[in-house]
Amino acid sequence: MSTEKLEQLMKGLTDNQTSHGVSLSVEMFDADDKVACIKLEDREEFPIYMTADEGQILCISYLFGDEQVDPDKRAAMVEAMLMMNVSIPLSAFSKIGDQYIMFGALSPKASIDELLHEIELLSDNVLEAIEAVSDYLKEAA
Amino acid sequence: MGIFNKLLTAVRGGATEVGEAIVDSQAIRILEQEIRDSKKALHDAKTGLTSIMAEKMGVDRKVKDLGEKIKEHEGYAIQAMDKGDENLALEIANKIAEFEHELSIQQGIRDGYDTKVVSLKKMIRQSERNIQAMDREVSVVKTTAKVQKANDLASAKFSGSNSSLNSATDSLERIKARQQKREDQAAAAMELHADENGDDLQAKLKNAGIVDSGSSGSSILDRLKKQKEQS
């Protein structure tokens with residue numbers, strides 16, 4: 001898998017953000033596993049992690065861990081997420097380890113414009129999603 | 001076991017252990033072993049495909065040769081018949097029958113190779129996809145542990161509080177508050193801008209004598225007088 005492709009995408013994002021009307025910072029998060037970290041202005045709490053290989057460009061945002069979910073409402077939340085999945089534009093819920101995530105995948109041939117659109121939308125979706133499932137989460141400490 | 005099942009086993013194994021332990025999880029190690037095995041199988045399949053394709057080329061040549069020989073001997077048989085040599089024609093026809101028999105055998109072998117090539121190619125594509133999926137899974141899970149740490153650090157930085165107390169809803173509230181503040185600032189700036197522009201315009205109008213430079217007692221008295229006359 002090429003770091004080159006990822007670096008090329010990172011440069012594309014940095015160069016084209018203003019023409020797209022977004023403000024974001026892009027940095028290499030983990031050069032070993034080839035992961036870039038994208039932070040949208042004012043939304044730094046929910047960064048988007050991007051990887052690219054010959055199969056797809058993957059953008060992931062981490063929502064919350066299992067420990068934040070109200071144990072009694074867990075099944076209902078998971079079902080709600082499953083049902084929401086289809087209606088959410090371009091993004092979907094998933095889970096990695098004990099972390100609930102939201103992700104979007106693009107063809108490796110996607111343009112930078114499409115990638116920027118994906119990232120903006122994913123970020124919007126993440127905020128909407130947390131709002132939507134907040135009833136299932138434990139009361140903030 | 002299908003690839004989805006393997007992945008599910010891996011993520012289930014990962015999910016039972018918490019945080020950093022995901023990386024050391026037995027399931028991920030199994031998946032990594034699986035990737036190594038698949039890569040070896042893929043390599044073997046590709047080697048197999050190469051040799052089968054080479055063998056198939058040999059058979060292709062035989063089929064072509066036999067076809068040509070049959071045509072050639074058909075020509076001879078016709079010539080022999082033209083000369084009225086029935087015996088020779090029959091001998092040639094027997095030879096043609098031998099060739100045709102051999103041709104059908106070789107064609108059968110070639111068809112077998114064709115099927116094998118198609119299925120090997122399909123298998124190779126499938127294992128390539130599986131390896132990609134497993135690679136992705138391993139790298140995603142490995143990244144998660146690092147991301148979690150980074151996320152905790154990030155939210156601690158933005159909230160100024162202990163990372164363990166941070167929740168997604170708190171983060172969302174902070175983001176909303178920041179957005180609201182930004183919108184308020186933008187609105188205030190717009191208002192200020194409008195005011196400044198308005199002031200500017202008033203001043204220009206006054207200077208140009210289009211607008212009174214301010215009401216005076218006498219101007220008000222004049223206005224009132226006019227009103228009284230009209231009533």
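## Close-up views of chains A and B

**View 1. A:Leu90 counts as partly exposed, with 16 C-beta neighbours inside 10 Å.** The model shown here is predicted. A:Leu90 belongs to the loop that lies between α2 (74–85) and β5 of chain A. Its phi is positive, near 65 degrees, and A:Leu90 is a residue other than glycine. Why partly exposed? A residue needs 20 or more other C-beta atoms within 10 Å to be buried, and 12 or fewer to be exposed. The count of 16 for A:Leu90 falls in between, so A:Leu90 is partly exposed.

**View 2. A:Asp42 is another loop residue with a positive phi.** The angle is about 75 degrees, although A:Asp42 is not a glycine. Its loop runs between β2 and β3 of chain A. Around A:Asp42 there are 15 other C-beta atoms within 10 Å, and A:Asp42 is therefore partly exposed.

**View 3. The open sheet of chain A is built from six strands.** Their order is β1-β2-β3-β4-β6-β5. The pairing is antiparallel. Which strands stand at the edges? They are β1 and β5 (92–96) of chain A. Each has a single partner strand, so one side of each is left without a neighbour in the sheet. From one strand to the next, the twist averages 35 degrees.

**View 4. β1(A) and β2(A) form a hairpin.** Strand β2 of chain A covers residues 35–40. Six bridges join β1(A) to β2(A), in the antiparallel sense. Two pairs can be picked out here. A:Leu24 has A:Leu40 of β2(A) as its bridge partner. A:Val26 stands opposite A:Ile38, also in β2(A). Four residues lie between the strands of the hairpin. In this hairpin A:Lys34 takes a positive phi, near 55 degrees.

**View 5. The largest nonpolar core holds 46 residues.** Which members touch the most other members? They are A:Ile38, A:Ile48, A:Met50, A:Cys59, A:Leu63, A:Ile101 and A:Met102. Helix α3(A) supplies the largest share of this core, eight residues. In soluble globular proteins, nonpolar side chains tend to be buried together. A:Ile38 links this view to the hairpin, where A:Ile38 stands opposite A:Val26.

**View 6. A:Ile101 has contacts beyond its sequence neighbours.** Residues up to four places away in sequence are not counted here. One set of partners is A:Ile60, A:Ser61, A:Tyr62 and A:Leu63. Another set is A:Ser94, A:Lys95 and A:Ile96. Of these partners, A:Leu63 is also listed among the core residues that touch the most other members.

**View 7. Helices α1(A) and α3(A) cross at roughly 80 degrees.** Helix α1 of chain A spans residues 3–16. The two axes come within 10 Å. Angles of 65 to 115 degrees count as roughly perpendicular, and α1(A) and α3(A) are therefore roughly perpendicular to each other. From α1(A), the contact uses A:Leu9, A:Gly12, A:Leu13 and A:Asn16. From α3(A), it uses A:Ile112, A:Leu115 and A:Leu116. By class, this contact has five nonpolar residues, two polar residues and no charged residues.

**View 8. Chain A and chain B meet in a contact of 29 residues from chain A and 32 residues from chain B.** Which elements of chain A give two or more residues to the side that touches chain B? They are β1 (24–30), β3 (48–52), β4 (57–65) and α3 (112–133). By class, this side of chain A has 14 nonpolar, six polar and nine charged residues. Strand β1 of chain A is also at an edge of the sheet.

**View 9. Chain B has six helices and zero strands.** Along the sequence the pattern is α-α-α-α-α-α. Chain B has 231 residues, and buried residues make up 13% of them. Of its contacts with a separation of 6 or more, 65% join residues 24 or more positions apart.

**View 10. B:Val63 sits in helix α3 (residues 26–82) of chain B.** B:Val63 has 18 C-beta neighbours inside 10 Å and counts as partly exposed. Its C-alpha atom is 8.7 Å from that of B:Ser104. These two residues are 41 residues apart along the chain. Leaving out residues up to four places away in sequence, B:Val63 touches B:Leu103, B:Gln106, B:Gln107 and B:Arg110.

Notes
Residues numbered from 1 in each chain as written. Chains lettered and ligands numbered in written order. Predicted model: local features only at pLDDT ≥ 70, side-chain atom pairs only at ≥ 80, totals over all residues. Contact = placed C-beta atoms within 7 Å. Nonpolar A, V, L, I, M, F, W, Y, C, P; charged D, E, K, R; others polar. Pairing = 2+ DSSP bridges. Axes fitted to C-alpha atoms, helices over the stretch in contact; angles between N-to-C directions. Core = buried A, V, L, I, M, F, W, Y, C linked by C-beta atoms within 7 Å. Parallel < 35°, antiparallel > 145°, perpendicular 65-115°, else oblique.
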